[in-house]
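Reader: I should like to learn how to read a structural model of a protein, feature by feature. Would you guide me through one?

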Amino acid sequence: MFAVDERIEPRIRIAGFQSTLGSGSTESEETMPKSNSSPIPARADVKTFPLAAPNRGRVNLVGMTRPTMRKALVAKGTPEAKAKMRVAQIWQWIYQKGAREFQCMTNLAKEYRNFLQENFSIAVPEITRRLVSSDGTRKYLLRITDGNEIETVYIPDVDRGTLCISSQVGCTLNCSFCYTGTQPLVRNLAPAEIVGQILVARDDLDEWPEPGRHPKNETRLVSNIVLMGMGEPLYNFDNVRDAVLIAMDNEGISFSKRRITLSTSGVAPMLARVGEEIGCRLAISLHATTDNVRDKLVPINRKWNIEALMKAIREYPELSNSDRVTFEYVMIKGVNDSLDDAHRLVRMIRGIPSKVNLIPFNEWPGAPYERSDPEQIRKFAHVVFRAGYASPVRTPRGEDIMAACGQLKSDSVKLRRSLRTAREDRQALANSMRPN
Ligand code: SF4
């Protein structure tokens, strides 16, 4: 799998300004992978990237809300009277122009840039592996500050480019059809690590706007964000909210709330806060039409059952035909794919502006289920469609690069384990050969 090793060309990277530097370059120059400015390649490839130098105790400005950044700047000596303006300037450089280096911030005095350089960093997760599918899907394995790894997936389409981001390392919820659910929860991601996934993807796609040019959402390569990667976002609500609000900030990445979808397995009591504090679109991992089956597929159902979940969804603000809830429904052979299920489903969601995404089960090694037959999926979709709900069947994407969520991380863990074992074996052999 590790077919290609890419050497990194040290450079400072900002949209429209790319300066290649010589030796003696700074930390972020060394970490920055060479971006790929060519169109998305129509072939599967794998790249591995070297890791960054440590942060040397500097405070990371990425992921801070504006008030927090203001406080951080003042605490290190920025005059109160100028702090708001400084935040606005730095914010634009990081989130609108893609700056990863303070020295690029040419509208700040050199002295102030040096001050920022000494006290702060602009740190985002690092790409350690990138797989590009023959269908253009890009899957990133990203390493975060403590060495943990997360996955982010970019899915290009004719009229949009969707970035699927993670909110936790691992997951506690153990949905029985989900590969990530087989991995233990390690920790919640910080806002920097959540919004950082967007920044990293834009770096990799070379998608920072030219100075003075602000492409519309619909013409962007990354036009939509879905929180559907590793983890349950509503078990990390505060950090997810801060990261999403940063992504929505008009003077930064500037995603409209209608282009951000938060997917939950059904933490019903938190939906009201999502509506009030974020206001983005909702996707619900429904996957079953009876509590009996859902208890097994999505065990959080034992805490908030289908009735409680549906009640919370009906109360979600601003639901309308143009702002629909998406119900995700994984199609598993003989488990949840009968036509009785289809009829129960449409009764269950009646009156909720919604669509139903039917997802053929993505089999992974050791999976306890099989994908439903295509004919059964077609019949199921027809029942839902006839009841007045869009029922697209999701085309499996990136199958040649292991599309099962969590699989890339799992492979990386296995690889590290086998390298460790090989090192230990070698050491044991050397010890046994040593003269007494
Ligand atoms: S489907 Fe989502 S909530 Fe369920 S185990 Fe997988 S990552 Fe966790």
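Author: The dialogue below takes up the chain, its helices, the ligand and several single residues in turn. Please keep in mind that this is a predicted model.

Reader: Let us begin with the whole chain. How many helices and strands are there in the chain?

Author: The chain holds 12 helices and 17 strands. It has 436 residues, and buried residues make up 39% of them. Contacts can also be sorted by separation along the sequence. Among those between residues at least 6 apart in sequence, 68% join residues at least 24 apart.

Reader: How should I read a single helix, and which residues of α3 are buried?

Author: A general idea helps here. An α-helix has 3.6 residues a turn, so residues three or four places apart point the same way. In this structure, α3 runs over residues 80-96 and has 17 residues. From its first C-alpha to its last, α3 reaches 24 Å, close to the 24 Å expected at 1.5 Å a residue. The buried residues in α3 are V87, I90, W93, I94 and Y95.

Reader: What covers the buried residues of α3?

Author: The cover includes α2 (66-75) and α6 (237-248). Just after α3, G98 takes a positive phi of about 75°.

Reader: Now to a pair of helices. At what angle do α5 and α6 pack?

Author: For such a pair one reads the angle, the distance between axes, the handedness and the residues that meet. Helix α5 (residues 191-204) packs with α6 at an angle of about 40°, and their axes are 8 Å apart. The crossing of these two helices is right-handed. On the α5 side, P191, I194, V195 and I198 take part, and they meet N239, V240, D242, A243, I246 and A247 of α6. By character, the residues of this contact divide into eight nonpolar, one polar and one charged.

Reader: Which residues surround the ligand?

Author: The surrounding residues are C171, L173, N174, C175, C178, T180, G181, M230, G231, E232, S265 and S285. This shell divides into five nonpolar, six polar and one charged.

Reader: Where do positive phi values occur outside glycine, for instance at D206?

Author: As a general rule, most residues other than glycine have a negative phi. D206 has a phi near 55°, a positive value. D206 lies in the loop between α5 and β13 (224-227). S254 is not a glycine either, and its phi is positive, at about 60°. The loop that holds S254 runs between α6 and β14 (260-264).

Reader: Why does D206 count as partly exposed?

Author: The reason is a neighbour count: D206 has 16 C-beta neighbours inside 10 Å, and therefore counts as partly exposed. S254 is partly exposed because 16 other C-beta atoms lie within 10 Å.

Reader: What is D249 in contact with, leaving aside its neighbours within four places in sequence?

Author: On that reckoning D249 is in contact with Y95 and S254. Y95 is one of the buried residues in α3. D249 is placed in the loop between α6 and β14, and D249 counts as partly exposed because it has 18 C-beta neighbours inside 10 Å. The C-alpha atoms of D249 and T65 are separated by 10.0 Å, although these residues are 184 residues apart along the chain.

Reader: Is R294 buried or exposed?

Author: R294 is buried, because 24 other C-beta atoms lie within 10 Å; the cut-off for a buried residue is 20 or more. R294 lies in helix α8 (residues 291-297). Leaving aside neighbours within four places in sequence, R294 is in contact with H287, A288, N301 and I306. The C-alpha atoms of R294 and N305 are 8.3 Å apart, with their positions 11 residues apart along the chain given as the separation.

Reader: Where is N305 found?

Author: N305 is found in the loop between α8 and α9 (306-314). N305 is partly exposed, with 16 other C-beta atoms within 10 Å. Between N305 and N292, 13 residues apart in sequence, the C-alpha to C-alpha distance is 9.7 Å.

Reader: As a last case, in which helix is Y112 found?

Author: Y112 is found in helix α4 (residues 110-119). With 17 C-beta neighbours inside 10 Å, Y112 counts as partly exposed. Y112 and F102 are 10 residues apart in sequence, and 9.2 Å separates them in space, C-alpha to C-alpha.

How values were computed
Residues are numbered from 1 along each chain as its sequence is written. This is a predicted model: local features need pLDDT of at least 70, side-chain atom pairs count only at pLDDT 80 or more; totals for chains, interfaces and linings use all residues. Helices (H or I, at least four residues) and strands (E, at least two) are DSSP runs, numbered from the N terminus. The expected span of a helix is 1.5 Å times one less than its number of residues. A residue is buried if 20 or more other C-beta atoms lie within 10 Å of its own, exposed if 12 or fewer, and partly exposed in between; C-beta atoms are placed from the backbone. Two residues are in contact if their C-beta atoms, placed from the backbone, lie within 7 Å. A residue is near a molecule or strand if its C-beta atom, placed from the backbone, lies within 6 Å of it. Ala, Val, Leu, Ile, Met, Phe, Trp, Tyr, Cys and Pro count as nonpolar, Asp, Glu, Lys and Arg as charged, and the others, Gly among them, as polar. Axes are lines fitted to C-alpha atoms, for helices over the stretch in contact, and angles run from 0 to 180 degrees between N-to-C directions. A crossing is left-handed if the near helix is turned anticlockwise from the far one by less than a right angle, and right-handed if clockwise.
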